Amino acid sequence: MERKFITYFEEQGNDYTDDLIKAVHDKLEASDGIKRVLIASATGESALKLQGALDSFDVEIINVTHHMGFSGPNEPDISQEMVEKLESHGIKTYFGSHAFSGAARGVTNKYGGYSPLDVVADTLRMFSHGIKVSAEISIMAADAGLIPVGEKIIAIGGRGHGVDSAVILTPVNAKDLFKLKFHEIIAMPKE
């Protein structure tokens, strides 16, 4: 038996980035074998903060941002300058369709109803929006070949500005969705 603790934040959507990064730092200090950390950062600011805090660890950081056109036609949410800055710090940035919505959202937006992936996403949101995002970005990165499946990683997500949730999970490709395994919750909001 192991006893571990989880960091709980008061509510979703607030910017708990600095406290969350400290919790991830502490988890990496106490863990062995985690070589990759994914973070959902639309602007790249949270990814840059994460890199500064984890500089002493031998981990690869990958930033997963919104797909092109998320906020407006042909527009990225992250600037090219930030992508280059992240690259100069060894952080890859991935743009891709959201694993739990993607083209299915276009269909439901036009015709109504819901996609089976909406049910998966809403189930994960019962924990927190950031927990859902953590699972989603791990699938996106695995499908892009940026991380291997079957290897524990830390995935970080949130809602709105900053991040508020972090987990240790084993990612899978989208075709194996229900084989994704959560191992530990590092931090999440209570509400």
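Here are some worked exercises on the structure above.

Keep in mind that this is a predicted model, where local features need pLDDT of at least 70, side-chain atom pairs count only at pLDDT 80 or more, and totals for chains, interfaces and linings use all residues. Residues are numbered from 1 along each chain as its sequence is written, and side-chain values use heavy atoms, with hydrogens and water left out.

**Exercise 1: The cores**

Task: find how many residues the largest nonpolar core has, and which elements give two or more residues to this core.

Solution:
- Start with the terms. A nonpolar core is a set of buried Ala, Val, Leu, Ile, Met, Phe, Trp, Tyr and Cys residues joined through side-chain atoms within 4.5 Å. Buried means under 20% relative accessible area, exposed means over 50%, and partly exposed is in between (1.4 Å probe, protein chains only).
- Now the count: the largest nonpolar core has 29 residues, and Val24, Leu28, Leu50, Leu54, Ile154 and Ile156 have the most contacts inside it.
- Next come the elements. Helices (H or I, at least four residues) and strands (E, at least two) are DSSP runs, numbered from the N terminus. Those giving two or more residues to this core are the helices H1 (17-30), H2 (45-54) and H3 (80-88), plus the strands S2 (36-40), S5 (153-157), S6 (165-170) and S7 (181-189).
- H1 gives the most, with five residues.
- Apart from this core lies another one, of 26 residues, including Phe100, Ala142, Leu169 and Leu180.
- For background, nonpolar side chains tend to be buried together in soluble globular proteins.

**Exercise 2: How H1 and H2 pack**

Task: work out at what angle H1 and H2 pack, and which residues make the contact.

Solution:
- The angle is about 40°, and the axes are 10 Å apart. Axes are lines fitted to C-alpha atoms, for helices over the stretch in contact, and angles run from 0 to 180 degrees between N-to-C directions.
- That angle makes H1 oblique to H2. Here is the scale: under 35 degrees counts as roughly parallel, over 145 as roughly antiparallel, 65 to 115 as roughly perpendicular, and the rest as oblique.
- The crossing of H1 and H2 is right-handed. A crossing is left-handed if the near helix is turned anticlockwise from the far one by less than a right angle, and right-handed if clockwise.
- Contact means heavy atoms within 4.5 Å. H1 brings Thr17, Asp18, Ile21, Val24, His25 and Leu28, while H2 brings Ser46, Lys49, Leu50, Ala53 and Leu54.
- Sort these residues and you get six nonpolar, three polar and two charged. In this sorting, Ala, Val, Leu, Ile, Met, Phe, Trp, Tyr, Cys and Pro count as nonpolar, Asp, Glu, Lys and Arg as charged, and the others, Gly among them, as polar.

**Exercise 3: How H2 and H3 pack**

Task: say at what angle H2 and H3 pack, and whether the crossing is left-handed or right-handed.

Solution:
- H2 and H3 pack at about 15°, and their axes are 10 Å apart.
- This makes H2 roughly parallel to H3.
- The crossing is left-handed.
- Glu45, Ala47 and Leu48 of H2 meet Met82, Lys85 and Leu86 of H3.
- By type, the contact has four nonpolar, no polar and two charged residues.

**Exercise 4: Buried or exposed?**

Task: decide how Asp15, Gly44 and Ile62 count by relative accessibility, and find what each one touches.

Solution:
- Asp15 lies in the loop between strand S1 (7-9) and H1. Asp15 counts as partly exposed, at 49% relative accessibility. Not counting residues up to four places away in sequence, Asp15 touches His161, Gly162 and Val163. Asp15 and His161 are 146 residues apart in sequence, yet 5.8 Å apart in space, C-alpha to C-alpha.
- Gly44 sits in the loop between S2 and H2. Gly44 is at 0% relative accessibility, so it counts as buried. Leaving aside neighbours within four places in sequence, Gly44 is in contact with Asn63, Ile78, Met82 and Leu86.
- Ile62 belongs to strand S3 (residues 60-65). Ile62 counts as buried, at 1% relative accessibility. Beyond neighbours within four places in sequence, Ile62 is in contact with Val37, Leu38, Ile39, Ile91, Lys92, Leu146 and Ile147. The C-alpha atoms of Ile62 and Leu146 are separated by 8.1 Å, with the two positions 84 residues apart along the chain.
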